[in-house]
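User: I have a model open and want a quick tour of it. Can you take my questions as they come?

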Amino acid sequence: MEARTFDAQVVLSPKTSPRGKLLTQYVCVRVTRMDDVDIALFDRDWVNTLYYFILNSDEQIYLRYGGRDARGPESYLDLNSIELALQKGLDLHRKYQQGELAKTERPKPRFPKEIPPLVERTFAKNQCVECHLIGDFDLVHKEQIGTLDKVTQMYRWPDIRALGIELDVPKGLVVKEAKDAALTAGMKPGDVIAKVNGTPVWTYGDLQYHYDKVPRDATQVKLTVDRGDRQMDLPIVLRERWWLTDLRFRQLSIDPRAEFESRPLTEAEKRKYEIQTKGFAAEVTRIGGFAQMLKVHELNVGDIVFAVDGVERDDLANTPDLYIKLRKTAGDTVTLDVIRDGKRMKMPVRTQRMYFRK
Amino acid sequence: MRLFKFAVIAGLMSLVSSFPLLAEDDTVEWLSSYKDAIREAKRTQKPIFLEYRCEA
């Protein structure tokens with residue numbers, strides 16, 4: 001369901017409907033201007049046009065609802081699961097009022113006006129503070145002042161599907177299918193994800209938020225699941241670069257776009273081309289749509305790229321395009337070492353910054 | 001405190017062709033101010049359901 005339709009269905013819930021009966025037990029508020037949002041308290045994936053919080057008047061957040069992935073903005077929006085969230089919010093509020101729910105520390109408030117490039121871009125021009133601009137310009141500012149950590153901040157919101165977890169979305173955190181690392185750890189369809197590294201989660205929004213808190217150098221994450229009457233801890237092994245996500249739908253100005261994708265070569269292939277076996281050499285598999293129009297580069301599918309500015313290996317990157325994303329700044333021109341039809345050549349790449357979407 | 005029905009209802013309904021026409025009094029009431037919501041939640045002891053909607 002499209003976000004705008006979902007929004008309308010929620011906002012216009014009849015009081016007598018099941019959802020309306022839940023909503024009337026709340027103070028409902030719909031905020032459409034982000035100028036004064038406390039972005040520390042209401043931190044979230046800012047590339048969502050629709051997101052919900054359930055909290056109390058002490059500003060203690062009980063749960064989040066919403067969240068998306070690379071498939072689309074509505075991957076986890078569902079009218080059944082939002083009713084589950086509304087019911088859980090009421091349960092948690094009762095517990096809070098009865099003193100059965102620990103108070104959490106409120107983060108120090110922070111507001112969009114504290115992000116200088118956002119002030120220049122929107123407030124100074126009296127333009128709308130769009131949600132994604134908050135996230136984008138926060139990163140731009142971090143890059144400007146030298147505090148940007150791309151692995152944790154540009155690659156925020158890692159995807160649980162990379163663990164092999166497919167949720168039964170209408171049922172909230174009920175597992176529909178467990179594959180790969182999740183299956184190896186013992187997860188089964190019908191399990192209900194209850195905690196991430198010991199922190200309770202009630203919705204996909206909670207799961208995404210707390211999964212993002214896992215340190216990027218972690219080698220496992222502990223998911224606790226409810227299975228029948230039992231609760232089980234499942235340590236799930238995190239593969240290398242588990243945090244890697246598709247950034248293409250994001251409008252990050254800090255993402256240096258090189259307009260190509262590649263697949264890592266095998267060690268045998270690297271030996272064949274007489275290039276470093278521990279390096280990030282890769283075969284170009286896709287040329288971005290803007291490559292020709294913006295004269296970014298002249299790569300072809302099938303080219304072998306084995307170095308960027310003379311560097312052939314990296315602790316994190318396993319492909320040259322990832323190396324560029326992690327180690328270069330948007331707008332940089334870099335030189336690739338390329339093998340085409342057995343011949344070695346140098347090729348400049350002018351990385352792109354997503355100005356035109358701002 | 002200012003309780004009101006959304007001025008955007010008509011706009012939303014025009015966007016959702018399949019949406020049933022609802023009389024205003026039949027639908028849930030929403031505030032548009034976070035500060036008002038905090039005040040109302042303190043007064044009523046209700047929890048808050050907060051929607052952030054970034055409209056293009």
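Analyst: What follows is a short run through the chain contact, the cores, the sheets and two single residues.

User: Ground rules before we start?
Analyst: This is a predicted model, where local features need pLDDT of at least 70, side-chain atom pairs count only at pLDDT 80 or more, and totals for chains, interfaces and linings use all residues. Residues are numbered from 1 along each chain as its sequence is written, while chains are lettered from A and ligands numbered from 1 in the order in which they are written.

User: How many residues does each chain give to the contact?
Analyst: Chain A gives 37 residues and chain B gives 33. Contact here is C-beta atoms, placed from the backbone, within 7 Å.

User: Which elements of chain B are in it?
Analyst: Those giving two or more residues are α1 (9-15), α2 (34-44) and β1 (48-53) of chain B. α2(B) gives the most, with seven residues. Helices (H or I, at least four residues) and strands (E, at least two) are DSSP runs, numbered from the N terminus.

User: How do the residues on that side divide, nonpolar, polar and charged?
Analyst: On the side of chain B that touches chain A, 22 are nonpolar, three polar and eight charged. Ala, Val, Leu, Ile, Met, Phe, Trp, Tyr, Cys and Pro count as nonpolar, Asp, Glu, Lys and Arg as charged, and the others, Gly among them, as polar.

User: Which strand of chain A pairs with β1(B)?
Analyst: Strand β2 (residues 50-55) of chain A pairs with β1(B), antiparallel, over six bridges. Pairing takes at least two DSSP bridges between the strands. Within this pair, Ile54(A) has Phe49(B) as its bridge partner.

User: What else does Phe49(B) touch?
Analyst: Leaving aside neighbours within four places in sequence, the contacts of Phe49(B) include Leu23(A), Tyr26(A), Cys28(A), Tyr52(A) and Leu86(A). Phe49(B) is also among the residues touching the most other members of the largest nonpolar core, which has 80 residues. Others in that group are Cys28(A), Ile134(A), Ile236(A), Ile48(B) and Leu50(B). A second, separate core has 22 residues, including Ala282(A) and Val349(A).

User: How is a core defined?
Analyst: A nonpolar core is a set of buried Ala, Val, Leu, Ile, Met, Phe, Trp, Tyr and Cys residues joined through C-beta atoms within 7 Å. A residue is buried with 20 or more other C-beta atoms within 10 Å of its own, exposed with 12 or fewer, and partly exposed in between; the C-beta atoms are placed from the backbone.

User: Switching to domains. Where are they in chain A?
Analyst: Domain 1 covers 160-237 and domain 2 covers 260-357. These bounds come from an automatic or database domain assignment. Their centres, taken over C-alpha atoms, are 35 Å apart.

User: What is the strand order in the four-stranded sheet?
Analyst: The order is β7-β6-β8-β9 (chain A), an open sheet with antiparallel pairing. β7 (199-200) and β9 are the edges; each has a single partner strand, so one side of each has no neighbour in the sheet. β8 (residues 220-227) and β9 (residues 230-237) of chain A pair over eight bridges. Lys222(A) is bridged to Pro235(A), and Asp226(A) stands opposite Gln231(A). In their hairpin, with two residues between the strands, Gly228(A) takes a positive phi near 60°.

User: And the five-stranded sheet: what order there?
Analyst: β10-β11-β12-β13-β14 (chain A), open and antiparallel. The twist averages 45° from one strand to the next; axes are lines fitted to C-alpha atoms, for helices over the stretch in contact, with angles from 0 to 180 degrees between N-to-C directions. Five bridges join β10(A) to β11 (residues 282-287) of chain A. One of the bridge pairs is Pro264(A) with Ala282(A).

User: Is Leu163(A) buried or exposed?
Analyst: Leu163(A) is buried, because 25 C-beta neighbours lie inside 10 Å. Leu163(A) sits in the loop between α6 (150-154) and β4 (165-167) of chain A. Among the residues Leu163(A) touches beyond four places in sequence are Asp180(A) and Ile236(A).

User: Same for Val175(A): buried or exposed?
Analyst: Buried, with 22 C-beta neighbours inside 10 Å. Val175(A) lies in strand β5 (residues 175-178) of chain A. Its contacts beyond four places in sequence include Ile165(A), Met187(A) and Ile193(A).

Conventions: Two residues are in contact if their C-beta atoms, placed from the backbone, lie within 7 Å.
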